[in-house]
Amino acid sequence: MPAMTTAGTPDVTVTVIVHNDAPRLPRAVESVRRQTHRNLEIVISDDHSTDDTPRVARALAAADPRVRYLRLPANSGGCSAPRNRALEIARAPYLMFLDSDDELTGDAVELLLAAHRERDIDFAMGAVRRIRVDTGRRSTWMPHLVRERRTLDGIEADPRLFFEHLATGKMYARAFLDRHELRFPEGIHYEDQLFSARAYCLAKRFTVVPEPVYLWYVAPYAASGAASISNQRHLLTNVRDRIHVQRLIDAFLAESGHEALREDKDHKFLKHDFRMYAGDLPYRGEEWLETFADLVNPYLATLSPGACARLPRAERVVLRLIRDRRLAEARTAARDLVHGVAPRRVTTDTDGRTYWGGHVPGSADARRELDLTDLELHAGPFSAARFRHEITEITRGPGACVDLTVRTYDPALRLPVGPQRASLLVSPGRRRLTVPFRLSPVRPGVFEGRVRLNAATARLPLHGFAGVRHPVVRLTCRGRANRGILLAPLAFPSLTARVPYRSGVCPHRLTVEPEGHVPGRLQLRWEPVGLTAAVLRPVARRLDHPGVRRAARLVAGALR
């Protein structure tokens, strides 16, 4: 039966862990104080902060009798110890955990407590909303797992939940944790993964509610000293820590009789943990890659073959190249994880099967995982053929011009011998900007050309254009056309220029940059600027007809 509380006993204890985070701690605590369910206690568990956190925490405790302040005698270096020390003094039968840089939604406690009171469960979990601190963009963490309300009789009912490994966003029955002596593992990183794996496997029943209960603030570009553990993937110690916790999870599954879940857990590791490192490989140097392979390959050899077989092809290719220590090729293949472009080279064996790279793989496993035959690279219509377009050099020209050196790879030799007709296409408005150029042969299957892109000549809407566009390369062959994305250089400084007033269109700031933080496409960003933009955009957007356009051009001329 659900736990009962006596008079004066809080229904729920929410532990807020903190270390040197005085500015954000009040926001986190306030998100608990304003909960719609009022009968709760708040334990601020301070991992021996050296900033102003102690003063701020004591002030918060003085302002609300529900708030208690606990300070650890020494810094533990992780999340586990402050959570465990708070568990020792928590008075409520239900427990939640909150990090000082995050928040609970206003009805989080009410929603999760209602799930416990509705039926006898070991924990309840809700949706976690991720908020990018740089853009404000919001998304749901693992949305397919929390789409509907459901109660599961153990993790075997849906092993995909291994992907939702956060200890936050959940409310645990104290009796469940005590019965299994379930505490956070101290002295390791990625403690949530081990704690959550144990909780999932030991729980007889738990409930998923689709409503958001936790706001997770994500700072992807924080300085290295302030970055979260998950965002320190450039550190090889980070790789070592993640592998270590995976081995601990594997040992727990074996010892607790849950070995049947191993393939699902391994698939989660490959699809989530390993995938994050794989996406960063294009930025890593040779020495880093060598040590990375030394760290991960012994563990990869222990994984279930079925876990690898469930991966998308592009991820299987990177995984196999790492295992075979074809590290430079793995770095190249990692650029294909997001945008599905062709490899630079393919090889066909005597049986007509096509493989990634410049030679036929030696082992049966490698042949299976690098096999691209079903892509039919050598067949199909020209419009669907796969090419790879990379910018190998980018320099700034006059005004808003950039000069690009474009290299095109044609691994299946679909293009005829000789120079090729190509164009850059970009469409920030209704009319497309087309810039023709020529690709000259370098060697069989490789072409290169130079093109000047002057984005200031693009026809923009009268009210201006605020947004991004990604130029594409169009190849023309025997009257047929093919379009493909244009990969940006791995690292180049953003180039910014001012596009002046032109044909009634307000001035713009134009930025040429790589796409996001991933090694992706070339990106152009337009932003209307100045008083003209402020006057014209609201008018032209609502009243877009010839008379208004003529009047707006007159206004724009006067405001120039």
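This report walks through a predicted model of a protein chain, from its overall build to a few chosen spots.

## The chain as a whole

Welcome to the overview. The protein chain has 560 residues, and 53% of them count as buried. Its secondary structure comes to 16 helices and 23 strands. Taken along the principal axes, the C-alpha atoms fill a box of roughly 80 × 70 × 40 Å.

How much of the contact network links residues 24 or more positions apart? Among contacts in the chain with a separation of 6 or more, such pairs account for 71%.

## Helices α1 and α2

A good place to begin is a pair of helices, α1 (residues 25-33) and α2 (residues 53-63), whose axes come within 10 Å and cross at roughly 20°. An angle under 35 degrees counts as roughly parallel, and α1 and α2 are therefore roughly parallel to each other. Their crossing is right-handed.

Which residues make this contact? From α1 come Leu 25, Pro 26, Val 29 and Arg 33, while α2 supplies Thr 53, Val 56, Ala 57, Leu 60 and Ala 63. Sorted by class, the contact of α1 with α2 has 7 nonpolar residues, 1 polar and 1 charged. As a helpful background point, an α-helix has 3.6 residues a turn, so residues three or four places apart point the same way.

## Leu 98 in strand β4

Next comes a single residue in a strand. Leu 98 sits in β4, which covers residues 94-99. Is Leu 98 buried or exposed? With a relative accessible area of 0%, Leu 98 is buried, because anything under 20% falls in that class.

Even when neighbours within four places in sequence are left aside, Leu 98 has a list of contacts that includes Val 14, Thr 15, Val 16 and Ile 17. Ala 28, Ser 31 and Val 32 also touch Leu 98, as do Glu 103, Leu 104, Thr 168 and Tyr 214. Take Val 16 as an example: Leu 98 and Val 16 are 82 residues apart in sequence, yet their C-alpha atoms are 4.7 Å apart in space.

## Helices α9 and α11

Here is another helix pair to compare by eye. Helix α9 (residues 286-300) packs against helix α11 (residues 313-323) at an angle of about 105°, and their axes are 9 Å apart. Angles of 65 to 115 degrees count as roughly perpendicular, and that is therefore how α9 and α11 lie to each other.

On the α9 side, Phe 292, Ala 293, Val 296, Asn 297 and Leu 300 meet Leu 319, Ile 322 and Arg 323 of α11. The residues of this contact divide into 6 nonpolar, 1 polar and 1 charged.

## A closer look at each helix

Helix α11 is largely enclosed by the rest of the structure, because 8 of its 11 residues are buried. The buried residues are Glu 315, Arg 316, Val 317, Val 318, Leu 319, Arg 320, Leu 321 and Ile 322. Just after α11, Arg 325 takes a positive phi of about 60°.

In helix α9 you can find Thr 291, which counts as partly exposed at 26% relative accessibility. Thr 291 and Val 239 are 52 residues apart along the chain, and their C-alpha atoms are separated by 9.9 Å.

## Cysteines

How many disulfides are there? The count comes to 0 when a disulfide is taken as a pair of cysteine sulfur atoms within 2.5 Å. Cys 201 counts as buried at 8% relative accessibility, and Cys 308 counts as buried at 10%.

How values were computed:
Residues numbered from 1 in each chain as written. Predicted model: local features only at pLDDT ≥ 70, side-chain atom pairs only at ≥ 80, totals over all residues. Heavy atoms only, no water. Axes fitted to C-alpha atoms, helices over the stretch in contact; angles between N-to-C directions. Helix = DSSP H or I, 4+ residues; strand = E, 2+ residues; numbered from the N terminus. Parallel < 35°, antiparallel > 145°, perpendicular 65-115°, else oblique. Left-handed = near helix turned anticlockwise from the far one by under 90°. Contact = heavy atoms within 4.5 Å. Nonpolar A, V, L, I, M, F, W, Y, C, P; charged D, E, K, R; others polar. Buried < 20%, exposed > 50% of the residue type's maximum accessible area, 1.4 Å probe, protein only.
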